[in-house]
Amino acid sequence: MQAKPDITGAADGGVRILPLPAFNDNYIWAIVRDASVVVVDPGQAEPVRRLLRDRNLTLRAILLTHHHADHVGGVIELVQETGARVYGPALETLPHCDVPLGEGDTVALPEAALTLRVLDVPGHTAGHIAYVGTAGDTPALFCGDTLFAAGCGRLFEGTPAQMSESLQKLGTLREDTQVFCAHEYTLANLRWALAVEPANRTLQQWYERAQQLRAEGVPTLPSWIGQERATNPFLRTLEVDVAKAAAARAGHALSSSVEVFAALREWKNNFK
């Protein structure tokens with residue numbers, strides 16, 4: 001198995017991308033360059049506030065992917081305390097948003113060496129967006145709750161067809177794109193993925209590595225697109241073994257990749 005890139009917390013082109021733990025399993029991603037920082041999906045203000053205080057940083061901007069409280073709950077406090085500019089999805093109701101965004105928009109934040117384009121990725125929520133581009137020298141994807149390591153978000157507002165299309169859009173990104181998703185769900189997702197594809201050796205190796213990382217108290221994230229293509233059932237709906245497993249679980253033939261995706265999502269919803 002390809003080694004996990006040493007990106008998180010490591011300087012790359014003058015930029016550090018740090019995971020700030022929040023709640024039980026959220027990560028607020030902090031992109032730090034010199035004395036400036038940009039944060040993604042601050043569901044709580046305190047982890048960001050602590051980073052600013054401990055490292056004497058200035059919060060320049062906040063990027064939001066969708067409206068759920070565990071992603072936006074700290075926004076108002078942080079804006080009041082720092083005056084940071086807030087970017088977020090145009091089609092969702094947010095507590096604060098200075099720059100509404102949709103497919104094809106760009107976000108350039110030179111103080112943080114960030115150059116990102118916006119993708120519409122509905123499914124988890126109706127107006128969910130993702131940011132893809134570069135953070136310093138790192139090809140980066142900030143995807144909220146759309147794509148997880150070996151998983152994807154639940155369909156709270158969108159349809160299987162929408163989420164399947166959104167995931168395929170992310171799956172076409174360059175394979176070394178680092179996937180900065182918002183939750184530490186990796187071990188649970190990998191256990192399920194192994195039920196879908198028990199003979200996938202790359203998946204078996206990734207599970208062993210993820211167990212080791214968590215035992216050491218280290219995040220399993222970021223993942224990267226190449227790894228997700230090789231191990232994430234939701235990006236592998238056209239693989240024969242995945243489609244067969246989904247059909248067996250559903251108890252009937254599945255005639256399209258969207259039907260395979262829907263069966264996989266239902267399987268994951270009920271997986272223990």
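In strand β13, valine 179 is the bridge partner of leucine 141. The model is a predicted one. Leucine 141 falls within strand β10, residues 138-144, and β10 runs parallel to β13, with four bridges joining the two. Valine 179 also stands opposite serine 223, a residue of strand β14. The pairing of β13 with β14 (residues 223-224) is antiparallel and has two bridges.

Which way do the residues of β13 point? Gln178 and Phe180 point one way, and Val179 and Cys181 point the other way. This fits a general pattern: side chains in a regular strand alternate between the two faces of the sheet. Are these four residues of β13, which spans residues 178-181, buried or exposed? All of them are buried.

The strands belong to an open sheet of six, in the order β7-β8-β9-β10-β13-β14, and its pairing is mixed. At the edges are β7 (106-109) and β14, each of which pairs on one side only. Helix α4, residues 160-171, packs on this sheet and touches β8 and β10. The direction of α4 makes about 150 degrees with that of β8.

Strand β8 (residues 114-120) pairs with strand β9 (residues 129-135). Across this pair, leucine 119 has alanine 130 in β9 as its bridge partner.

Three of the strand pairings are listed here.

| Strand pair | Direction | Bridges |
|---|---|---|
| β8 and β9 | antiparallel | seven bridges |
| β10 and β13 | parallel | four bridges |
| β13 and β14 | antiparallel | two bridges |

Key:
Residues numbered from 1 in each chain as written. Predicted model: local features only at pLDDT ≥ 70, side-chain atom pairs only at ≥ 80, totals over all residues. Heavy atoms only, no water. Buried < 20%, exposed > 50% of the residue type's maximum accessible area, 1.4 Å probe, protein only. Pairing = 2+ DSSP bridges. Contact = heavy atoms within 4.5 Å. Axes fitted to C-alpha atoms, helices over the stretch in contact; angles between N-to-C directions.
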